[in-house]
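User: I would like a close look at a single part of this protein, namely the region where its domains meet. Please explain it in terms suited to a first-year student.

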Amino acid sequence: MTGRGLPVKVSDNTLYFLSFFGERMPDFHPVAQTLLDWFAQNMRPLPWRADYSPYHVWISEVMLQQTQMERGVEYFRRWIAALPDPPAVATAHEDEVLKLWEGLGYYSRARNLIKAARVMVRDHHGRVPDDEAALRALPGIGPYTARAIASLAFGHDLAVVDANVERVFSRLFDVDTPVRETATKRRIADLAQQLLPPGRARDYNQAVMEFGALVCRKNPDCGHCPLAAHCEARRLGIVAHRPVPGKQADIQHVDVATGVVRRGGLLFIQRRPEDGVWGGLWEFPGGTVEPGEIPEQTIVREYMEELEWAVAPTRRIATIRHGYTRFRVTLHCFELEFLHGDAENPPLHEATQCRWIPLADLGRYALPAGHRKLADMLSAAEGGEGEGEGERKK
Ligand code: SF4
């Protein structure tokens, strides 16, 4: 058998060769071949793997950013049932899209799906475009997502790198620099690309990510690992030190006050501006507790600043703790008495719309996670399950 050897430096002390044999089956790198074999035996039956339609791959990739797999599958099924193709997303009402996204966080992703779908309708015959450059030009699609769609849906030979891939390659090839550093990311991306078996990008990319999720986890299952014989970190006894972490972002604790005003059996909610955190979602008014304030003072000030309403707290409904990105939020929730102001047409200084709605209708609106918990507590209390007093954790 003759072939052209392509040397691929995969670690400081390891040199492998990839060989290509014209039209014949390529001799894949043993790590890549092992991953492909493992994936064929162990892949999870995820809904987008049924047909790898570009639309399904696109939605799943965007959803799975920052979302656990089981949760992502549930949201994916609901989304596809409601919005089966890009034209459906392009013409959907933003409230419907945000409601489908409620609970996944990072709501700009949902709004970008609408924007990207509209570009697909306008410029790509209502379909997901099939090349990396066109994908990158779409709102909300960065380098990772573009390569994921191009490889998984269209078979382009492009390696993708997510946190799972970084962990697997850091260990296999003893990458000894922090994974958060750009140079390290580039090094791992190069490794992943060099090992990619031509024509097998879909399976290879998913194999590495799946392997990182199921075997080479944070606490890896080295005892049952089919790649143990190839693993530099295991050979050196330093698995616990790979990948090398970078400096963690500091966790910030924030106190926020919010309040519910009732009038004639209806609750007041307002819609947040498009830009900024939770853009386009509905909420009970409120804001951050400033230094020197107690939450009861905050909610009175916030209602005056946001709506020019005078209100008075009558009771504390709950204290809800939840987290997002690097923030840990304590949400102080109050029942409020409306004292004076323009109840029907308040000036909206921090919102784009407002409504008085029955409690039973709250489920139709997309709310930030903390406000959804409060809404659930109000509903439970109204349903005779108590006042919801106390503390809930994420
Ligand atoms: S031996 Fe352990 S650390 Fe190395 S690739 Fe396998 S699971 Fe990961």
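Which residues does the domain assignment of the protein give to domain 1 and to domain 2?

Analyst: The model is a predicted one. In the domain assignment of the protein, domain 1 covers residues 4-241 and domain 2 covers residues 252-392. Taken over C-alpha atoms, the centres of domain 1 and domain 2 are 39 Å apart.

The contact between the two domains involves 11 residues of domain 1 and 10 residues of domain 2. On the side of domain 1 that touches domain 2, at least two residues come from each of α5 (94-101) and α6 (108-123). Helix α5 gives five residues, the largest share of that side. By type, the residues on this side of domain 1 comprise five charged, three polar and three nonpolar.

The nonpolar core should be considered next. The largest nonpolar core contains 91 residues, and Ile149, Val165, Phe169, Ala192 and Val208 are those with the most contacts inside it. Helix α2 (residues 54-64) contributes seven residues, the largest share of this core. The core lies between domain 1 (4-241) and domain 2 (252-392), because both of them give residues to it. In soluble globular proteins, nonpolar side chains tend to be buried together.

Val165 may serve as an example from this core. When its neighbours within four places in sequence are left aside, Val165 is in contact with Val160, Ile188, Ala192, Val208, Met209 and Gly212. Among these partners, Ala192 and Val208 also belong to the residues with the most contacts inside the core.

Terms used. Residues are numbered from 1 along each chain as its sequence is written. This is a predicted model: local features need pLDDT of at least 70, side-chain atom pairs count only at pLDDT 80 or more; totals for chains, interfaces and linings use all residues. Domain bounds come from an automatic or database domain assignment. Two residues are in contact if their C-beta atoms, placed from the backbone, lie within 7 Å. Helices (H or I, at least four residues) and strands (E, at least two) are DSSP runs, numbered from the N terminus. Ala, Val, Leu, Ile, Met, Phe, Trp, Tyr, Cys and Pro count as nonpolar, Asp, Glu, Lys and Arg as charged, and the others, Gly among them, as polar. A nonpolar core is a set of buried Ala, Val, Leu, Ile, Met, Phe, Trp, Tyr and Cys residues joined through C-beta atoms within 7 Å. A residue is buried if 20 or more other C-beta atoms lie within 10 Å of its own, exposed if 12 or fewer, and partly exposed in between; C-beta atoms are placed from the backbone.
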